[in-house]
Amino acid sequence: SVQDPKTLGVAAIADGLSYDAQDDDAISLVTIPPNAIPIGVPQNLMVRAINVSSQTPAQGVTVTFAVTEGTAGLGCGENSCRAVTAADGTASLSFTANSTALARIAASLTNGSAVIAQFEGSVPETLTALTPKLYVAMGATVQWPVKALVLDASGVPAQGEMLTWSSASGAKASAAQSASSANGIASNTVAAGPLQVSAASSVSACLQGTATCAAFQVIPVQPSTEALIAWSGANQYIPEGQGFGPVVLRVVDAFGNPVAGAGVAVSQALYGWTEPCPPESRCPAPPLLAQQTGTETSGLDGLVTVTPLSAGNLAGRLVLTATAGTAASVNVELEAYP
């Protein structure tokens, strides 16, 4: 404590006084670094000083941390740092491994009592997002299975590595943590959307205890930029009685990326088959046999599968019209000939 002789005011300063260690003070390691630690990832080294005679903590004792072999980064930015023990006799310092070579850090008292912590740096594992982006129709919500690949320093899939997942508005991971499997893949499910503005949201996965992370982005797509593509089944010319196969459409954005969660309105009209009308002739309209309307939702791959109306055993022409967004449309005509 410090007293002002004029005002007689007293201020108490915790840990404000340090002194040299007594002859019977000794230092010991509280936290022992593992044999190998990731390069560049801060670790904590804690020691404790006690008075051997009284078996009480040595408070206010100066501890000197110094790199005695190899290269390592100390928290103070120098090769030697000082810290003062707290009331429980402990003092700590952060450090990082800078290379894969063996390194030693000595923590010593002024009376010569010292301990050594040694370790090697390890090349950090890599983490890669296997499903890095999802394009979602604005206002829609979809369940998005995501996967991340963990590889060790040799490029071999790493099993049992724990990943910590963080969420954001518009992208929420169902599990806070997940572990990599035998093939090095860690999985999770993200509730993507609803997003009402043209700003992406993201979920990140980080290897526990490291700064190694991978990002998974959810990108909203405005209705005005949606487009429709006839993916498969659009050209069917079959004999009567065979039945039309599925028609697959795909919703994409302006850059051709598949859009999930987009609503697609589908209208079908099945007409009886008629001979082609000769040029410059007026032919009767074919009879309408059946019609149907409905709405489908695009999957994660942007695909929509439409089951065509059946003409039974009759010949006929099926006209299918699909629309998405504000202006996207596609027309498909299928024919079952006699």
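Start with the lining of the largest cavity, whose residues divide into 6 nonpolar, 5 polar and 1 charged. This is a predicted model, and the tour below moves through it one selection at a time. To see the lining, select Ile238, Glu240, Gly241, Gln242, Gly243 and Phe244 together with Leu309, Ser310, Ala311, Gly312, Leu314 and Ala336. The space that they enclose has a volume of about 50 Å³, and a search of the whole structure finds 1 cavity of 30 Å³ or more.

Keep Phe244 in view, since this residue of the cavity lining is also one of the residues touched by glutamine 236. Select glutamine 236 next, and you will find it in the loop that runs between strand S22 (227-232) and strand S23 (237-239). Is glutamine 236 buried or exposed? Its relative accessibility is 13%, and because buried means under 20%, glutamine 236 counts as buried. If you display its side chain, you can follow it to the backbone oxygen of glycine 233, which it reaches at 2.8 Å. Leaving out residues up to four places away in sequence, glutamine 236 touches Phe244, Gly245, Pro246 and Val247, and also Leu334 and Glu335.

Now turn to the largest pocket, where about 160 Å³ of space lies. Of the 13 residues that line this pocket, the ones to select are Pro38, Glu125, Glu161, Leu207 and Thr210, which are the closest to its centre. Sorted by class, the pocket lining has 6 nonpolar, 4 polar and 3 charged residues.

From the pocket, go on to the cysteines. How many disulfides does a search of the whole structure find? The search finds 2 disulfides, and a disulfide is a covalent bond between the sulfur atoms of two cysteines.

For one of them, select cysteine 206 and cysteine 213, whose sulfur atoms are 2.0 Å apart. Looking along this link, note that the torsion about the S-S bond is about 105°, so the disulfide is right-handed. Its two ends can be described separately: cysteine 206 counts as buried at 18% relative accessibility, whereas cysteine 213, with a relative accessible area of 41%, is partly exposed.

For the other, select cysteine 76 and cysteine 81, which form a disulfide with their sulfur atoms 1.8 Å apart. Here the link is left-handed, with -70° about the S-S bond. Cysteine 76 counts as partly exposed at 39% relative accessibility, while cysteine 81 is buried, its relative accessible area being 4%.

Two glycines in loops remain to be visited. Select glycine 40, which has its place in the loop between strand S4 (36-38) and strand S5 (43-51). Not counting residues up to four places away in sequence, glycine 40 touches Thr96 and Ala97. If you also mark alanine 72, which is 32 residues away along the chain, you can draw a line between the C-alpha atoms of glycine 40 and alanine 72 and find them separated by 9.4 Å.

Finish at glycine 9, found in the loop between strand S1 (2-3) and strand S2 (10-11). With its neighbours within four places in sequence left aside, glycine 9 is in contact with Val2, Gln3 and Asp4. Its relative accessible area is 32%, so glycine 9 is partly exposed.

Technical notes. Residues numbered from 1 in each chain as written. Predicted model: local features only at pLDDT ≥ 70, side-chain atom pairs only at ≥ 80, totals over all residues. Heavy atoms only, no water. Helix = DSSP H or I, 4+ residues; strand = E, 2+ residues; numbered from the N terminus. Buried < 20%, exposed > 50% of the residue type's maximum accessible area, 1.4 Å probe, protein only. Polar contact = N/O pair within 3.5 Å; in protein donor to acceptor, adjacent residues only side chain to side chain. Contact = heavy atoms within 4.5 Å. Disulfide = S-S within 2.5 Å. 1 Å grid on protein atoms, 1.4 Å probe; cavity = no way out; pocket = protein on both sides within 12 Å on 5 of 7 lines; lining within 4 Å. Points joined across faces, edges and corners; volume = space filled by probe spheres on them. Nonpolar A, V, L, I, M, F, W, Y, C, P; charged D, E, K, R; others polar.
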